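Welcome! Here is a short briefing to read alongside the sequence and the 3D view.

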Amino acid sequence: MGIGKGWLRQVAVVAAYALSYGLLRQVSFAHWFLPAGLRLLCLLFVPYRYWPAMIVGEMLPLAQISYDCLDQFGPTYALIKLFPPIALAMPIVHWARSRLSLFDGQRSVRVGVLLLCTLLVSLATAARDISFLYTAREQAPGDNPVFWQWGSQYFLGNYLGILTIVPLALLLRDIWREGSLRTLGKRLASNRLVLDSIGLLLPALTLLTWVAANVKGDFSFVARMAMFMPVAWMALRHGWSGAALGGSVASLGIALITPAEFDVVTMQSQVFISFAITTLLMLGARIATLHARDDRERVDGRLALQLAQQGLYLGELRMRQTADALEQVGSAIQQSHSRFLARLHNLLSATEERTYYRQAIATQQQVFRLADSLYPRTWQSRGFPSTLKNGPIAKAMDDMGIAFDCELSGRGLSRLDPGVQIALYRLACESVVQLFEPSPAITELRIVLRGGETRDRRWVVLRIDVTFDRTKALIEPKQNEREELTYRLGVGGLGLDAIRDRARIYGGAVHTRAIPKGARLALLLHDTTRPVTLN
């Protein structure tokens, strides 16, 4: 049963190849030979075990042509005509597939190796075709310039036929591999390459083809040469995929206006368009490589930002655990102190007992204040906006005698990712410390927080304004207020560069400037595109 199925597959390959070869030959001519593209395309992707079947499949249509030429050119010409060109192309393609790494790891074709293979196959096929002239004529080939003309015709026909079919087929293969058949229509409708082809490439090449066919003289030649310009635009915009699609359409346009007889103008047009397509394919492959590298760097950068955001959030969770542990330690200290004082109640005077009790309360409050600086207690009960308005910043400003005001506006503040909220709070604390100078003294601090949403992505702007009193700074200098504020807000006071680096992790920016009687620091943060979820 397995042997029978294998023979059926071989017969199917023979029939399919012979039919495709015959159909493409009907719409081809010597200087635009599409079966050459079919030949190379099949050798690229058909497994080696079916190659003998393709030789037989190519010999079937050639047998009819050879038989028709038997009486006119003799048996030698008929035998050479019967020899399938695919047999000459097979060693070249096998060498390119096995030794030159024609396919990369993702089974994509290397354009440079493909073009080299195209050149060698076209030369081998042209050598086979030119050998017909040695058998069909009595005079030596060197005595007649027709051999050079026909040799170039055969080479250009095969080369341009390959460039017309193979790159376009590779493009269609890549589009097919992007998704299933059900989503093919939707993917094509949203594909920028398809849209640009319909909107620019096809109208431009149609117009140039019409001008080249209906206008005589130099304008016709200029129109043919100008066909490479839309192809170049497609290559610059879409890489080798644009060059493949544009080159196939331009080659078709050249073929439609090419006369049946091979003349000098036709040869010049085909040489130019072949050179243009080859160059643009190589350029497009390089552009595609650069685009892929940029995409990888963009993905790596996005992943690095997500990892940095994840790390910051994990650090905040550890600080929260530390704050919870400190609160438990403070409560334990208070309970131990109370039991100790109860045991010494009869040995201590009332004054000493009150003094020890106040010291215990102060110690417990200091521990609670440290825990609150690590992770504000109001965060869990009241949320981020209330923490910013009534949390450690407000308490620190009140203890220092600085007027404090906080204004919240916009929307989406409560819907920000938890990692962004805690990062915004830490940046607010760092910014307050950054603006807090020992001299001149700060008399007023104002925080304005505004949230919004643009293109389905939330953002938040934090603005901190401080007002200086230079006279007060000269009269009542305070040397340790900055250090005390750093301790109470639980930040490192690392400076403006650290604030900018933290803001960049969330796609933000920081700006500082002087305002009348003070200074301003403003920062912008974007919500994470993928919320950080931690268990």
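Leu116 counts as partly exposed because its relative accessibility is 37%, which falls between the 20% limit for buried and the 50% limit for exposed. The model you are looking at is predicted, and Leu116 is a good place to begin a tour of it.

**Leu116 and its surroundings**
- You will find Leu116 in helix α6, which runs over residues 111-136.
- Leu116 also belongs to a nonpolar patch on the surface, together with Trp95, Leu119 and Leu123.
- Taken together, the four residues of this patch have about 340 Å² of accessible area.
- Which helix gives the most to the nonpolar patch? That is helix α6, with three residues.

**Arg415 and its contacts**
- Further along the chain, Arg415 sits in the loop between β1 (403-410) and α18 (418-435).
- Setting aside neighbours within four places in sequence, Arg415 is in contact with Gln421, Glu453, Arg458 and Asp527.
- For one of these partners, Arg458, the C-alpha atom is 8.7 Å from that of Arg415, and the two residues are 43 apart along the chain.

**The chain as a whole**
- The chain holds 21 helices and five strands.
- It has 535 residues, and 44% of them count as buried.
- The accessible surface of the chain is about 28,700 Å², with 60% of that belonging to carbon and sulfur atoms.
- How do contacts spread along the sequence? Of those between residues at least 6 apart, 73% join residues at least 24 apart.

Key: Residues numbered from 1 in each chain as written. Predicted model: local features only at pLDDT ≥ 70, side-chain atom pairs only at ≥ 80, totals over all residues. Heavy atoms only, no water. Patch = residues over 30% accessible without salt bridge, like charges linked within 9 Å, V, L, I, M, F, W, Y side chains within 5 Å. Areas by Shrake-Rupley, 256 points an atom, 1.4 Å probe, with all protein chains shown as cover. Salt bridge = Lys/Arg side-chain N within 4 Å of Asp/Glu carboxyl O. Helix = DSSP H or I, 4+ residues; strand = E, 2+ residues; numbered from the N terminus. Buried < 20%, exposed > 50% of the residue type's maximum accessible area, 1.4 Å probe, protein only. Contact = heavy atoms within 4.5 Å.
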